[in-house]
Amino acid sequence: MGGADSALWQNTTTNSGTSWSGWHTLGGILSSGPEVSSFSATNMSVFVRGADSALWQKTWSGSAWSVWHSVGGVIIGDPMAVPASAGTVAVFVLGADTAPGPPHSNAGAGATGPPAACAVPSPA
């Protein structure tokens with residue numbers, strides 16, 4: 001969830017919602033809602049549009065969160081993400097030029113955003 005400070009906040013439960021860990025910040029400056037997708041049984045990534053309108057990613061390794069990583073581009077609206085294949089998440093966005101591009105390409109000179117869909121591999 002995004003907080004009043006525009007950061008991403010998390011609250012977790014391991015017992016079907018009987019008790020919760022309490023809210024804690026994951027940082028960042030969000031300008032969209034978060035989108036989460038899992039790429040394995042213990043790993044997941046959250047994607048957001050940052051204050052710079054770029055696509056940003058933060059990944060849970062099963063034991064710790066990564067730092068925020070800019071995927072780049074200039075996007076409009078909220079990203080959407082789904083598991084694509086082992087170790088990969090497909091992320092769908094609308095670029096600022098509203099023109100879709102080929103998967104996993106930055107479309108060359110003059111491109112203002114990422115393609116309509118891009119495959120984002122899990123961090124090593």
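## A walk through an all-strand model

Of the 124 residues of the protein, 31% count as buried, and the model in which this is computed is a predicted one. The protein has nine strands and zero helices, so that, read from the N terminus on, its elements run β-β-β-β-β-β-β-β-β. The surface that the protein exposes comes to about 6700 Å², and carbon and sulfur atoms supply 62% of that area. If we take the contacts between residues at least 6 apart in sequence, 32% of them join residues that are at least 24 apart.

A good place to begin is the open sheet. Four strands form this sheet in the order E3-E4-E5-E6, and their pairing is antiparallel. The edge strands are E3 and E6, the latter made of residues 69-72, and each of these two pairs on one side only. From one strand to the next, the twist averages 30°. Within the sheet, E5 and E6 are joined in the antiparallel sense over three bridges, and Leu55 has Gly72 in E6 as its bridge partner.

From the edge strand E3, which covers residues 35-38, we can pick out Ser37. Is Ser37 buried or exposed? Its relative accessibility is 4%, and because buried means under 20% relative accessible area, Ser37 counts as buried. Leaving aside the neighbours within four places in sequence, Ser37 is in contact with Met44, Ser45, Ala81, Val82, Pro83 and Val89. Ser37 can also be compared with Thr59: the two residues are 22 apart in sequence, while their C-alpha atoms are 9.7 Å apart in space.

One of the contacts of Ser37 is Val82, and Val82 leads us on to the surface, where Met80, Val82 and Phe92 make a nonpolar patch of about 260 Å². Met80 has its place in strand E7, which runs over residues 75-85. With a relative accessibility of 51%, Met80 counts as exposed, because exposed means over 50%.

Strand E7 pairs with E8 in the antiparallel sense, over seven bridges, and in this pairing Ile75 has Gly95 in E8 as its bridge partner. The two strands form a hairpin with two residues between them, and there Gly87 takes a positive phi near 80°. How many of the eight residues of strand E8 are buried? Six of the eight residues in E8 (residues 88-95) are buried, so this strand is largely enclosed by the rest of the structure. As a general point for reading any such strand, in a regular strand the side chains alternate between the two faces of the sheet.

The backbone angle phi deserves a last look. Most residues other than glycine have a negative phi. Against that background, which values do Ser6 and Ser53 take? Ser6 has a positive phi of about 70° although it is not a glycine, and the phi of Ser53, also a residue other than glycine, is positive and near 70°. Ser6 lies in the segment before strand E1 (8-10), whereas Ser53 is found in the loop between strand E4 (44-49) and strand E5 (55-60). With a relative accessible area of 30%, Ser6 is partly exposed, and Ser53, at 24% relative accessibility, counts as partly exposed as well.

Technical notes. Residues numbered from 1 in each chain as written. Heavy atoms only, no water. Buried < 20%, exposed > 50% of the residue type's maximum accessible area, 1.4 Å probe, protein only. Contact = heavy atoms within 4.5 Å. Patch = residues over 30% accessible without salt bridge, like charges linked within 9 Å, V, L, I, M, F, W, Y side chains within 5 Å. Areas by Shrake-Rupley, 256 points an atom, 1.4 Å probe, with all protein chains shown as cover. Salt bridge = Lys/Arg side-chain N within 4 Å of Asp/Glu carboxyl O. Pairing = 2+ DSSP bridges. Axes fitted to C-alpha atoms, helices over the stretch in contact; angles between N-to-C directions.
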